Every structure is written in C-alpha cells, then in structure tokens.
Protein chains: 2
Amino acid sequence: MAALAKLLEVAPSALYNHVSSKQDVLLLVEDHLMSLVDVSSFGAAPWDDAVRTWAWSYRNVFAEHTPLIPVIAVLPVTDAPQTLAMYETVSKGFLDAGFPQERIISAIVALESFIFGSAYDVTAPEDIFDPGTMAESTPYFTAAVRGAAGTALRAADAAFILGLDALIDGLGSLRREAD
Amino acid sequence: MAALAKLLEVAPSALYNHVSSKQDVLLLVEDHLMSLVDVSSFGAAPWDDAVRTWAWSYRNVFAEHTPLIPVIAVLPVTDAPQTLAMYETVSKGFLDAGFPQERIISAIVALESFIFGSAYDVTAPEDIFDPGTMAESTPYFTAAVRGAAGTALRAADAAFILGLDALIDGLGSLRREAD
DNA sequence: ACCTGAACACCGTTCAAGT
DNA sequence: ACCTGAACACCGTTCAAGT
C-alpha cells in the first residue's frame with residue numbers, strides 16, 4: 001500500500017477512500033492481469049493449439065507477478081469480470097472441443113495448478129538444483145542435474161513444455177469427438 | 001519470528017543467536033517438511049504407482065503449509081539435506097524406470113509445479129468458482145461449474161486426480177523400457 | 001468526495017548490555 | 001553461549017481534521 005501510494009503521489013491512508021483493504025487492491029490487479037491472458041485461439045484454432053497458446057500467456061503473465069499467485073489461487077471469482085470472461089471463453093472452448101460438461105472445471109483447474117507452479121519456476125535462480133557440498137552423497141540426482149544442463153532451453157521452459165504436452169495429451173483423451 | 005519466539009517462550013531477538021534471518025528458519029522448516037514426503041514406493045512399486053504415492057503425500061504436506069510454497073519454489077536446494085535426499089530417491093526411481101538422464105529433472109519439475117499449484121487448491125473456498133451476479137453473462141462457465149457439482153470428490157481432489165493421471169501417462173511415455 | 005497527518009498494533013532485524 | 005530490552009525502519013489500517 002505504501003509503494004502504491006508513493007506511485008500515486010498520495011498518502012497511504014488516501015487509498016482507503018477507494019478500496020477497503022489491500023486484498024481489494026489485489027483483486028483489482030488480478031482482474032486486470034487476467035485480461036492480458038490470451039484466449040483468442042479458442043474457436044480459431046484446434047483445441048490443443050488453443051490450450052497451448054492460453055497456457056503460455058497465462059504462465060508468462062503471472063511469472064512477472066508471482067506474489068499474486070497465493071492470492072489468486074484462493075480468491076473467489078465473484079465480481080471479477082475479466083477473470084470470469086476468461087473462464088467463459090475457455091469453458092466454451094473445452095465444451096466445443098468435446099469435453100464432457102462435468103469434467104471441464106477439473107481440467108481447467110488441473111491446467112491452472114500446473115501453470116501457477118510453473119510461473120514460480122521462471123523466477124527461480126538458475127542454480128536452484130546445485131547440490132553444493134552434498135554432491136557425492138546424491139549421485140543420481142547430481143547426474144540428472146548435470147545431464148539436464150546440456151539443453152539450450154531454460155530449465156523452467158523445458159519443464160513447462162514437457163508438462164504441458166503431457167497434460168494436453170492426457171486431458172485431450174477425455175474428449176468425445178475431434179475438433 | 002514473533003510467533004515462533006512466543007512459542008519458544010523467548011524474546012524475538014533471541015532467535016538471531018541461532019539463525020541469521022527469517023529465510024533461514026524457512027529453509028529449516030522446508031527441509032523438515034520434505035522429510036515427511038513419502039518416497040518409500042520408489043524401488044518397491046512400479047514407477048507410476050510410486051509417482052502417485054509421492055505426489056499425493058507431497059501435495060498433502062504442502063497443502064497444510066501453503067505460505068511456504070512461494071519460498072520453496074525458489075529456494076536453492078543446497079545444504080538442505082532432507083530435500084536432497086528426497087530428490088535423490090526420486091531421481092533414482094526415474095532412472096531405474098527407464099527415463100533418459102537429461103529429462104529427469106524436467107519431469108520432476110513439471111510434477112512439482114503441478115503439485116505446488118494443486119496444494120493451493122486444497123485451501124481454496126468451496127465456492128471459489130461461484131460466478132455470483134454475473135452468472136447469466138457467463139453461461140458456458142456457469143454450466144460447467146454446475147456440472148462439476150455432482151461429483152462426490154472435493155473439487156481440488158477431482159482436478160488433482162485428473163491432472164496427475166495425465167502427467168503420469170504423458171511423462172511415462174518418455175521411458176525407454178518398462179519397469 | 002477526497003485528502004493529510006497522527007496514531008495504533010504489528011513486522012524483521014540490530015545491537016548494547018547483561019548472565 | 002545465549003538471553004533481554006531498547007531501538008529502527010517498516011507494514012496495513014483507522015480516524016479526526018481539513019478542503
């Protein structure tokens with residue numbers, strides 16, 4: 001709140017004429033960020049391409065705002081119009097792609113869970129898996145870390161691609177018809 | 001720090017004789033929590049069963065400590081012995097199951113991202129997806145939410161099962177041999 | 001309607017002083 | 001070696017007083 005007030009060149013207490021709490025501000029920020037998530041491929045491209053485009057932009061938006069993740073993950077969607085608009089487009093995309101009604105929310109939540117977790121990875125230090133002085137007592141892990149270093153991709157991106165492909169394949173098999 | 005000091009019946013400043021910062025305390029807590037994650041099925045059960053057991057216990061441990069997730073997701077693993085021990089067992093399990101060396105870390109990170117995101121869902125309010133007054137402007141989403149309500153499972157569990165199955169199937173296809 | 005400034009109850013952390 | 005208590009620079013929030 002102090003930082004926001006400074007940005008607006010106003011006393012912190014002045015903010016409380018416009019919002020009733022910090023939580024309130026976070027809800028407004030969340031709703032704005034959701035409007036930045038790209039849902040334009042739903043209806044315009046095959047389901048798996050649309051999910052991929054949506055998931056990447058969703059992850060990238062929140063990778064730049066990780067402190068919001070704990071808030072959003074638990075924040076009711078009520079009265080957040082942009083957020084609801086995103087869910088509406090995605091839900092329709094899943095239904096049109098042949099998903100059974102009763103699995104759509106679970107499928108979206110599963111993807112979102114993966115997306116939020118992956119957003120953190122983007123901000124993690126490159127050497128997060130450095131075993132340090134304990135390298136010789138963890139030979140398998142150390143070898144795996146060394147083996148992964150060869151890739152051109154950032155570690156977070158390699159994991160995101162792998163997981164997203166798996167989720168799209170696995171969830172896609174729930175569909176009744178192709179689309 | 002204040003709460004911890006109270007629990008120990010000591011002044012907050014006394015803690016700094018034992019740790020050098022709050023971050024330090026969090027690392028110790030993280031390491032302890034990691035020792036609670038069940039890796040016992042690796043080597044004792046088929047790979048997919050072992051992953052399922054590990055993922056469920058991992059999610060459940062952190063669902064009860066969600067404030068730690070932003071910290072852990074970004075905390076270097078160096079000098080966290082229990083954490084390294086967990087990664088060592090899991091890495092060996094993946095290698096023995098036929099995973100190519102250079103994909104093991106990515107596969108584990110993808111699973112962890114999903115697990116951390118899913119841990120938040122457990123703590124979310126039941127009505128997090130209630131569209132409220134905007135129900136009629138979001139018909140597809142509202143129908144999907146209503147359609148999901150029929151399940152006996154908690155919403156977080158239904159999504160976790162769905163996503164975990166998809167990840168296990170998709171990642172499992174990277175293996176060179178069955179095990 | 002919207003602002004300021006003082007105040008309150010909290011944070012994490014430092015440091016001089018004790019035992 | 002480990003503690004206390006005062007102090008510091010911060011939080012989010014309330015509220016009386018202003019315009």
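On DNA strand D, a phosphate oxygen sits 2.6 Å from an N or O atom in the side chain of A:Tyr16. Since this is a predicted model, that distance, like the others below, is read off computed coordinates. Two more contacts from chain A go to phosphate oxygens of strand D, this time through the backbone. A polar backbone atom of A:Lys22 lies 2.8 Å from a phosphate oxygen of DNA strand D, and a backbone N or O atom of A:Met1 is 3.2 Å from a phosphate oxygen of that strand.

Both protein chains take part in the surroundings of DNA strand D. Chain A brings A:Met1, A:Ala2, A:Ser13, A:Tyr16, A:Ser21 and A:Lys22, while chain B brings B:Val10, B:Ala11, B:Ser13, B:Ala14, B:Asn17 and B:His18. Of the strand D atoms that come within 4 Å of the protein, 55% are accounted for by sugar and phosphate. Sorted by class, the surface near DNA strand D has six nonpolar residues, five polar ones and one charged one.

Now for DNA strand C. Around this strand are A:Val10, A:Ala11, A:Ser13, A:Ala14, A:Asn17 and A:His18 from chain A, along with B:Met1, B:Ala2, B:Ser13, B:Tyr16, B:Ser21 and B:Lys22 from chain B. The class breakdown near strand C is six nonpolar, five polar and one charged. Sugar or phosphate makes up 56% of the strand C atoms within 4 Å of the protein, with bases making up the rest.

The polar contacts to strand C include one to a base: an N or O atom in the side chain of A:Ser13 lies 2.5 Å from a base oxygen of DNA strand C. Phosphate oxygens of the strand are contacted too. A:His18 places a polar side-chain atom 2.7 Å from one, and a polar backbone atom of B:Lys22 is 2.8 Å from a phosphate oxygen of DNA strand C.

Away from the DNA, what does the protein enclose? The structure holds one cavity of 30 Å³ or more, and the space in the largest cavity comes to about 250 Å³. Its lining counts 21 residues, with A:Asp121, A:Ala124, A:Ile128, A:Phe129 and B:Ala73 the closest to the centre. By class, 14 of the lining residues are nonpolar, two are polar and five are charged. Helices of both chains help build this wall: α8 (155-172) of chain A and, from chain B, α2 (22-35), α5 (81-96) and α6 (104-123) each supply at least two lining residues. The largest share, four residues, comes from α6(B).

Two positions in the α3 helices round off the picture. In chain B, helix α3 spans residues 47-63 and contains B:Ala50. With a relative accessible area of 1%, B:Ala50 falls under the 20% cut-off and so counts as buried. Leaving aside residues up to four places away in sequence, B:Ala50 touches B:Ser41, B:Phe42 and B:Ala45. B:Asp79, 29 residues from B:Ala50 in sequence, is 26 Å away from B:Ala50 in space, C-alpha to C-alpha.

In chain A, A:Ser57 is found in helix α3, residues 47-63. A:Ser57 is also buried, because its relative accessible area of 17% is under 20%. Beyond residues up to four places away in sequence, A:Ser57 touches A:Val37 and A:Asp38.

Notes:
Residues numbered from 1 in each chain as written. Chains lettered and ligands numbered in written order. Predicted model: local features only at pLDDT ≥ 70, side-chain atom pairs only at ≥ 80, totals over all residues. Heavy atoms only, no water. 1 Å grid on protein atoms, 1.4 Å probe; cavity = no way out; pocket = protein on both sides within 12 Å on 5 of 7 lines; lining within 4 Å. Points joined across faces, edges and corners; volume = space filled by probe spheres on them. Nonpolar A, V, L, I, M, F, W, Y, C, P; charged D, E, K, R; others polar. Near = heavy atom within 4 Å. Polar contact = N/O pair within 3.5 Å; in protein donor to acceptor, adjacent residues only side chain to side chain. Buried < 20%, exposed > 50% of the residue type's maximum accessible area, 1.4 Å probe, protein only. Contact = heavy atoms within 4.5 Å.
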